[in-house]
Amino acid sequence: MALQHIDNLWKKLQSLVITQYKESTNLLSLIEKVTDCFQDIEDSSYRLANFANIEEADGNWLDIIGKLRNLPRDDGESDKSYRDRLKILFKQSTAGTPQNIIQNAADLSKDRNPQYLDEVDGVFFVYTPKGKQLSRKTVASLAPAGVLGLPGASFRLTSGKALATVEQPHKLILAVAQDKNIIDNGYLSSEQGLPLLTEDGRHIIL
């Protein structure tokens, strides 16, 4: 059951006073003064109930959560950037099973149905076409020890459809998504020398 915040304790308690004392001004005044002493406690307890809610934390509150996890804020780092780094750290503690990887990928990318695809033994892709493209570092942090996790990006044909295998059920052919749209030595290109790009417009590195 969620904790309910009482904005005005006295107003809440006043309705509980039994009928024979409802006209007793002195008694009601005394109860009101005592009740007011507990209003700050009520307000503080409600705020503390959401202390660890990283989605709502900001500023100094976010800094405290970071210190508890031994991950301080970088100089000049925004709340959003810091929050994302903390969330990645939190996800590391549940890394391992495909279910956990899928759930973590959904939380981090905002794609509610990310795809977990085994490539070969010890290698898997996380594909999030309906959310934010995850970085290599992020996916690697979700993988268990000895397993390589990679962010996947599909090839798009001129028809707009994704490139997939012929056999049923069709399996997407994925490339490793690059963190930045840069050209390194050894990028994949066509016979005309034009670079082949993933669906998000990034180069494919050999």
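Asn-60, Lys-67 and Leu-68 are exposed on one side of helix H4. This is a predicted model, and H4 is a good place to enter it. The helix runs over residues 59–68.

Now turn to the other side of H4. Leu-62, Ile-65 and Gly-66 are buried. They cover an arc of only 100° around the axis, so they lie on the same side of H4. Buried here means under 20% relative accessible area, while exposed means over 50%. Just after the helix comes Asn-70, which takes a positive phi of about 60°.

Next, move along the chain to two strands. Strand E1 covers residues 115–120, and strand E2 covers residues 123–127. The two pair in the antiparallel sense, over five bridges. One residue match can be picked out: Leu-117 has Phe-125 in E2 as its bridge partner. E1 and E2 form a hairpin, with two residues between them. Gly-122 sits in the turn and has a positive phi of about 85°.

Aromatic rings come last. How many aromatic pairs does a search of the whole structure find? The search finds one. Tyr-116 and Phe-124 form this pair, and it is stacked. The ring centres are 4.9 Å apart, with 25° between the planes. Planes under 30 degrees apart count as stacked, so the pair earns that label.

The two partners can also be described by exposure. Tyr-116 is partly exposed, because its relative accessible area is 23%. Phe-124 is buried, with a relative accessible area of 1%.

Key. Residues are numbered from 1 along each chain as its sequence is written. This is a predicted model: local features need pLDDT of at least 70, side-chain atom pairs count only at pLDDT 80 or more; totals for chains, interfaces and linings use all residues. Side-chain values use heavy atoms; hydrogens and water are left out. Two strands pair if DSSP finds at least two bridges between them. Helices (H or I, at least four residues) and strands (E, at least two) are DSSP runs, numbered from the N terminus. Buried means under 20% relative accessible area, exposed over 50%, partly exposed in between (1.4 Å probe, protein chains only). The arc is that of the directions from the helix axis to the C-beta atoms. Rings of Phe, Tyr and Trp (its six-membered ring) pair if their centres lie within 6.5 Å; planes under 30 degrees apart count as stacked, over 60 as edge-to-face and the rest as tilted.
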